[in-house]
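Biologist: Please take a close look at one part of this model, the annotated binding site. Tell me where its residues sit, what they touch and how the ligand is held.

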Amino acid sequence: MNVYLSDILTACILFPVVAFLITVPYMIYQYRRRGSVPKLHTAIVYSFVFYLTCAYFLVLLPLPADRTAYVAYAATPQLVPFNFVHEFLAETTFSPSDPATWLRVLRDPYIYEAFFNVLLLLPLGAYLRYYFRRRWWQALIIGFLVTLSFETTQLTGLWGIYEHPYRLFDVDDLIQNTLGAMVGFWLAGPAMRTLPDLRTANLRAAEAGLSASVTRRALSFALDSALTAALAVGSIYLVYRSGLVAAPIGAKATAAQALEATTAQISDALLPARLCILIALVIVFFIVPVVTRGRTPAQALLHLRIVRTGARRASWYHYLARYGLLFVFIWIPWGLFTLLTEVGGSSIGSEAGTLATFASQNTEACIAVLAVFTVAWVVSLIVRGVRAASGRAPFVMLNGMLSRTRIMTESGLAAERARLSALSVDDVRKLEQLIAEGGISLASLMRCAGEAVADEVRTWAGGPVRVCVLTGSGNNGGDGWVCAESLARSGYPVTLITPKTAEELTAEPARTEARSSLKRTLEGEFPLTVAVAPEADDAARALDEAEVVVDAILGTGFTGSSLREPYATWISLANLRRFKGPRGKGRGAHRARTGKPSKRASGTTLRDRRKDAPFAVAVDVPSGYSAQAATWADPCFCADVTVTMLAMKPGLIASGAERFCGQVKLAELVDTAPYREKLG
Ligand SMILES: NC(=O)C1=CN([C@@H]2O[C@H](COP(=O)(O)OP(=O)(O)OC[C@H]3O[C@@H](n4cnc5c(N)ncnc54)[C@H](O)[C@@H]3O)[C@@H](O)[C@H]2O)[C@H](O)CC1
Ligand SMILES: [K+]
């Protein structure tokens, strides 16, 4: 026991630091991928690394005194399964009928060691289910492999470092540890009902990453400044080292010599150093952005870009104006300050003479101006920073305003450009025709559209979860068929709900795609459950079981102000499932039976979705929502993400669209630029 405790104590002191160092690359990866570090994920990864480090060291320690130490009890592996039960029964005085012996059981080494062995891998099982979203059999295999690695490390004397095994290879440890992983896995299930859904946290992190936050920009400026400083210091060192110019004060100068040097001498000799600083600034803040079309080195690292207002590409003079102004603003208070401090100096340059005389006569006034300027600058910076942090306004600095430039994230820029190049629904149809005339068939567009939605599901789910695809009888439904096939092929259990058989569909290419997909699944190429015009109860069951719902009922072909059956019921059921939970879990039984639309269920925001709600993806546009007019029917599908095809549509970028569309992502499917030109 003491061994365990002292090991835990060492771990408590040392491992938090080690775990943090291991977590840092993860944070950098997340920052670059999503543009923000998801706090919850980072905390979980940190705790996981910390736990694994502790667990491994608990297994390794204590080490033998020297490399050749022979540990007698560890020499022969214990290969009899459940040996600890035999040993316990042979030695124990425990009797179920005698309560006085009950406590003794807990103090029996066979029992508490078994208990600790189970406890050791219990967190692993929980992490595997909650964070890594593994299935039970995957947790079983991983749990077993981890414990096997523990035992083998002991058996091989830390992989040959020690000449003999120093801890016993015990098959019972394997059994108990693996059991622990499974207990953790099962306990995580109920716990997950109250724990936050990490996949939604991912969605929020990606959303947060769209905007160039103040912290991200401050970090980028700090990194660029550090790089500039490094370049400047390096080049100054090289310049003076080369002997081409005299150092301001000779390396071997005495203090007296240094004091004798006049301000002018120092100023002359400092000129090359000042030039070095200027060149470093020009390289980092001008030349690199020109070469990379709008990114300083740190901005490239943090996925930021300088653009003109309106998300247009900036030119070289924009970078010059932006950073030129910034450094002028930074320099003004500094220059004023220098001027003031140099007053009374013996040799002020003639050009500064008049100013200096003025400054010497009005020192207090100059200090006041300097203070007011600096305070106003800092206060305005803080005010704009706070406003930006609260999401009320983008963080625009004065130099940005004057140079008409902005800093945006790469993902935010893509979203903004997509928003600015939105097309009306009619234009999207014309675009489709132009693309088809250009040689890319509508069927292949449909395949790309379905794949784009399937990719979105895969990114979110991270593993094969149960999916329910709701399809309509038009081409939006066709996208749904392609998506269902793609997911089924990657091992996702998919149920596709359709109002008609594939044969009865009339829209093309949806009919052809649905028929061939059905043929392939009937031939056994991939498993797909197809429910044709199911009863409301059956549809509800499929939705209750699903972890992802794909809405491919209606797209841009939706007309009117209400939905016809069976779509209205399906959408109500999907919304009910997301906002009220599965049947029998707080949802009215009568509503569950009839699938009667609930007014409250539609048009609720992401915040109101249940934690265990399935992830909802709308294909092109949520069904019941007008992609053109931004009006909606009751019910209207509420999505977490809408994957829209070819171009953004006016309804998707209208204010309040988020309520139904969630996050809107553009799937361009093909390079639309040449066809847009033809569209005029
Ligand atoms: N055109 C292409 O090749 C591609 C299209 N893509 C996807 O297709 C849809 C647009 O398809 P379309 O067939 O024009 O319309 P819908 O599927 O959205 O709907 C038509 C279908 O819906 C019925 N309907 C209309 N209004 C209602 C209503 N109020 N209630 C019930 N039913 C209604 C109508 O009768 C028709 O049967 C587009 O959004 C894309 O998702 C591909 O992305 C690319 C190729
Ligand atoms: K849809």
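Modeller: Start with Asn476. Asn476 lies in helix α21, which runs over residues 475-489. Bear in mind that this is a predicted model. Asn476 counts as buried because its relative accessibility is 9%, and the cut-off for buried is under 20%.

Next, its surroundings. Beyond its neighbours within four places in sequence, Asn476 is in contact with Asp551, Ala552, Ile553, Leu554 and Gly555. Val619 and Asp620 are also contacts of Asn476.

Asp551 is the next stop. Asp551 sits in strand β7, residues 548-552. Its relative accessible area is 0%, so Asp551 is buried. Leaving out residues up to four places away in sequence, Asp551 touches Asn476 and Leu470. Asp551 also touches Val617, Ala618, Val619, Val621, Pro622 and Ser623. Phe637 is another of its contacts. Val619 therefore deserves a look from both sides: Asn476 is in contact with Val619, and Asp551 touches Val619 too.

Now the annotation. In an unreviewed UniProt entry, "binding site" covers Asn476, Asp551 and Ser623. These residues are spread over 148 residues of sequence, yet they cluster in space, with a largest C-alpha distance of 9.5 Å. The contacts fit that picture: Asp551 touches both Asn476 and Ser623.

Then the ligand. Ligand 1 is surrounded by 22 residues. The closest are Asn476, Asp479, Gly555, Thr559 and Asp620. Asn476 thus appears in the UniProt annotation and among the closest residues to ligand 1. Gly555 and Asp620, two of those closest residues, are also contacts of Asn476.

Look at the polar contacts one by one. An oxygen atom of ligand 1 lies 2.5 Å from an N or O atom in the side chain of Asp620. For Asn475, a polar backbone atom is 2.9 Å from an oxygen atom of ligand 1. For Ser473, an N or O atom of the side chain is 3.2 Å from a ligand oxygen atom. Taken alone, ligand 1 exposes 870 Å², and the protein buries 85% of that. Two or more residues of the shell around ligand 1 come from each of α20 (442-461) and α21. Helix α21 is also where Asn476 lies.

Terms used. Residues are numbered from 1 along each chain as its sequence is written. Chains are lettered from A and ligands numbered from 1 in the order in which they are written. This is a predicted model: local features need pLDDT of at least 70, side-chain atom pairs count only at pLDDT 80 or more; totals for chains, interfaces and linings use all residues. Side-chain values use heavy atoms; hydrogens and water are left out. UniProt positions are given in the numbering used here, feature names are shortened, and annotations may be inferred rather than shown by experiment. Helices (H or I, at least four residues) and strands (E, at least two) are DSSP runs, numbered from the N terminus. Buried means under 20% relative accessible area, exposed over 50%, partly exposed in between (1.4 Å probe, protein chains only). Contact means heavy atoms within 4.5 Å. A residue is near a molecule or strand if one of its heavy atoms lies within 4 Å of it. A polar contact is a pair of N or O atoms within 3.5 Å; within protein, one must be able to donate a hydrogen and the other to accept it, and residues adjacent in sequence count only if both atoms are side-chain atoms. Accessible areas come from the Shrake-Rupley method with a 1.4 Å probe; for residues, only the protein chains shown count as cover.
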